[in-house]
Amino acid sequence: MNRILIVEDEARIASFLEKGLRAQGFTSQTVASGREAILAARDADFDLMVLDLGLPDMDGHRVLREIRARGERLCVIILTARQTVSEKVAGFDEGADDYVTKPFAFDELLARIRARLRPAGEAEPETLSAGPVTLHLLSRTATVGDTVVELSTREFQMAETLLRSRGQVLSREQLLSRVWGYDYDPGSNVVDVYIGYLRRKLGDGVIETVRGAGYRAV
Ligand code: CA
């Protein structure tokens, strides 16, 4: 099991990350300051750090420099609202492994975390299938049998999320947070609307409604 250190002072984002990572089988610990991050990276055995740059006591860049200067080798993914090229370049120069900007979709962050933690030589699958439906992850296209089906970006993300957890029930809330990110309205019916779109395009047999629980790819 992989252990992830979340360095984030905004409670809402931290709890969104914790819940999402737990649902994917990761263990995580959250700290809200640079000082705690530096201590935790030394004392605990983490595989990866998700690092915010705007921290209350010091800049995330300094956290990164300090842990790399000490020789800590855990993967670091910077997660920040700062989007300038100079911030990104500085982050990579200091030893970051990846850089994700806020607002972010949880699935993208998750894909980057998985990519970093994947043992060398083990490739990410290029397709996901359920019944006659195949999602081609590199070209972001879908086929049903031999027919190519046009999916919007959100539709594809939703189908991908369901097929990655094939056989497992995902609640509306899980689908909302994974596909729409943390800026969603929990009362929204957008998930049901998109399930409808997907059934129309991919056929009725692939996505099952589990009453009172959510949806599942079969
Ligand atoms: Ca912050």
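The exercises below work through a predicted model, from its metal site to its sheet and helices.

Residues are numbered from 1 along each chain as its sequence is written. Local features need pLDDT of at least 70, side-chain atom pairs count only at pLDDT 80 or more, totals for chains, interfaces and linings use all residues, and side-chain values use heavy atoms, with hydrogens and water left out.

**Exercise 1. The calcium site**

Find which residues coordinate the calcium ion, and state how they are spaced in sequence.

Step 1. Take as donors the N, O and S atoms within 2.8 Å of the metal (3.2 Å for Na, K and Ca); water is not among the atoms, so sites may look incomplete.

Step 2. Asp-9 (OD), Asp-52 (OD) and Gly-54 (O) coordinate the calcium ion at 2.2 to 2.4 Å.

Step 3. The spacing of these donor residues reads D-x42-D-x1-G. Asp-9 sits in the loop between β1 (3–7) and α1 (11–23), and Asp-52 in the loop between β3 (48–51) and α3 (60–69), so the pair ties together parts 43 residues apart in sequence. Helices (H or I, at least four residues) and strands (E, at least two) are DSSP runs, numbered from the N terminus.

Step 4. For accessibility, buried means under 20% relative accessible area, exposed over 50%, and partly exposed in between (1.4 Å probe, protein chains only). Asp-9, at 36%, is partly exposed, whereas Asp-52, at 6%, is buried.

**Exercise 2. The sides of α2**

Determine where the buried residues of α2 lie around the helix axis, and what they pack against.

Step 1. In α2 (residues 34–43) the buried residues are Gly-34, Ala-37, Ile-38, Ala-40 and Ala-41.

Step 2. They cover an arc of only 170 degrees around the axis, so they are on the same side of α2. The arc is taken from the directions from the helix axis to the C-beta atoms.

Step 3. The face turned away from the buried side carries the exposed residues Arg-35 and Asp-43.

Step 4. The buried residues pack against β1, β2 (27–31), β3 and α3, where contact means heavy atoms within 4.5 Å.

**Exercise 3. The five-stranded sheet**

Give the strand order of the open sheet and name its edge strands.

Step 1. Two strands pair if DSSP finds at least two bridges between them.

Step 2. The order is β2-β1-β3-β4-β5, with parallel pairing. The edge strands β2 and β5 each pair on one side only.

Step 3. β3 and β4 (residues 75–80) pair over four bridges, and Leu-51 stands opposite Ile-78 in β4.

Step 4. Helix α1 packs on the sheet, touching β1, β2, β3 and β4, and its direction makes about 170 degrees with that of β1. Axes are lines fitted to C-alpha atoms, for helices over the stretch in contact, and angles run from 0 to 180 degrees between N-to-C directions.

Step 5. α5 (106–117) lies across β1, β3, β4 and β5, at about 165 degrees to β4.

**Exercise 4. Two helices**

Describe how α7 and α8 pack, and list the residues in the contact.

Step 1. The axes of α7 (residues 172–180) and α8 (residues 190–202) are 9 Å apart, at an angle of about 80 degrees.

Step 2. This makes α7 roughly perpendicular to α8; angles under 35 degrees count as roughly parallel, over 145 as roughly antiparallel, 65 to 115 as roughly perpendicular and the rest as oblique.

Step 3. Arg-172, Leu-175, Leu-176 and Trp-180 of α7 meet Val-190, Val-191, Asp-192 and Tyr-194 of α8.
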